[in-house]
Amino acid sequence: MFNDKPILIKITHSDSDLLKRYSWFRQQPGCNWIITGSGEGDLPELAITRHGVILKNGAEQLSFHPSMALIRLINLLRGESDRYLEATQLKAGDALIDATLGFGSDALIGAWAVGEKGSVLALEQSPILAAIVQDGLNHITEIIPNAKNKDKHAAWAALERASRRIEVHWGEHSEYLKHIPSRSVNVVYFDPMFRQTCKQSDSILPLHQWSVHNPLDHGAVIEACRVAQNRVVLKERKNSSEFRRLGFDILLGGRYSPVDYGVILV
Ligand SMILES: C[S@@+](CC[C@H](N)C(=O)[O-])C[C@H]1O[C@@H](n2cnc3c(N)ncnc32)[C@H](O)[C@@H]1O
């Protein structure tokens with residue numbers, strides 16, 4: 001469940017790049033930082049290092065890496081389909097609101113699909129996740145390996161371009177959506193933490209303690225239907241009663257997948 005303990009923020013070296021990154025994190029809204037040296041203990045810790053930013057809590061560690069988006073993009077560039085893109089029907093030039101950013105895989109795939117004329121506004125209620133993912137997107141070039149494999153190289157280059165189209169905002173989506181004009185984006189997408197536990201991918205597991213697990217609010221869906229021009233999409237556990245409760249039609253497909261996508265056409 002959502003961990004809102006204060007976080008000890010540390011920098012490992014006084015390099016100017018690390019100092020800049022440190023002060024960027026210190027300015028992020030909603031994060032409750034404790035500065036090194038002033039009251040340690042068993043607090044979670046954000047370490048800003050020459051090898052990246054690592055959020056530690058006991059034995060658990062989390063750092064931003066677009067691994068799932070990379071695999072999906074390699075497959076997309078090979079001509080394979082992606083169920084999220086089939087559900088959202090995103091096209092070049094579209095504007096997307098990803099109302100549940102999480103680790104940003106879907107936002108990155110969406111940002112790739114909408115292309116350079118499109119945009120992605122990504123909302124995340126957990127302040128530390130919003131900050132870590134925005135920082136990770138800002139610094140994505142630093143983790144791009146020197147890939148010899150042609151497909152991987154192309155996917156990383158596409159991810160890097162896509163990352164620049166994502167604007168992350170810390171906030172609760174129902175509240176945020178209320179301030180967005182009607183019919184001003186093409187698609188609004190929800191991927192809330194699943195209501196019932198099911199086996200989840202390794203990429204989602206480290207997210208658990210930092211993310212918000214509340215069920216999707218009906219009011220948020222109503223706002224999303226006002227804001228979207230084309231459709232509102234929900235990803236949920238297969239056979240979830242959430243689709244019916246919130247008024248989504250389940251799309252066919254993904255027979256062996258543990259998840260379904262539901263759509264409201266507006
Ligand atoms: C399952 S994850 C999303 C995963 C994401 N689609 C991806 O590709 O990485 C759900 C995220 O939504 C966030 N969340 C839950 N309720 C929210 C709300 N009301 N407003 C904004 N974010 C919310 C959670 O904190 C969590 O990080």
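A polar contact is a pair of N or O atoms within 3.5 Å; within protein, one must be able to donate a hydrogen and the other to accept it, and residues adjacent in sequence count only if both atoms are side-chain atoms. Keep that in mind as you explore this predicted model, where local features need pLDDT of at least 70, side-chain atom pairs count only at pLDDT 80 or more, and totals for chains, interfaces and linings use all residues. Residues are numbered from 1 along each chain as its sequence is written, and side-chain values use heavy atoms, leaving out hydrogens and water.

**First stop: the ligand**

Select Glu-124: one of its polar side-chain atoms lies 2.6 Å from an oxygen atom of the ligand. Now click Phe-103, where a backbone N or O atom is 3.1 Å from a ligand oxygen. Next try His-173, whose polar backbone atom sits 2.9 Å from a nitrogen atom of the ligand.

**Second stop: two helices**

Which angle do α2 and α6 make? Select residues 67–77 for helix α2 and 150–163 for helix α6 (DSSP runs of H or I, at least four residues, numbered from the N terminus): they pack at about 115 degrees, their axes 9 Å apart. Axes here are lines fitted to C-alpha atoms, for helices over the stretch in contact, and angles run from 0 to 180 degrees between N-to-C directions. The pair is therefore roughly perpendicular (65 to 115 degrees).

Methods:
Angles under 35 degrees count as roughly parallel, over 145 as roughly antiparallel, 65 to 115 as roughly perpendicular and the rest as oblique.
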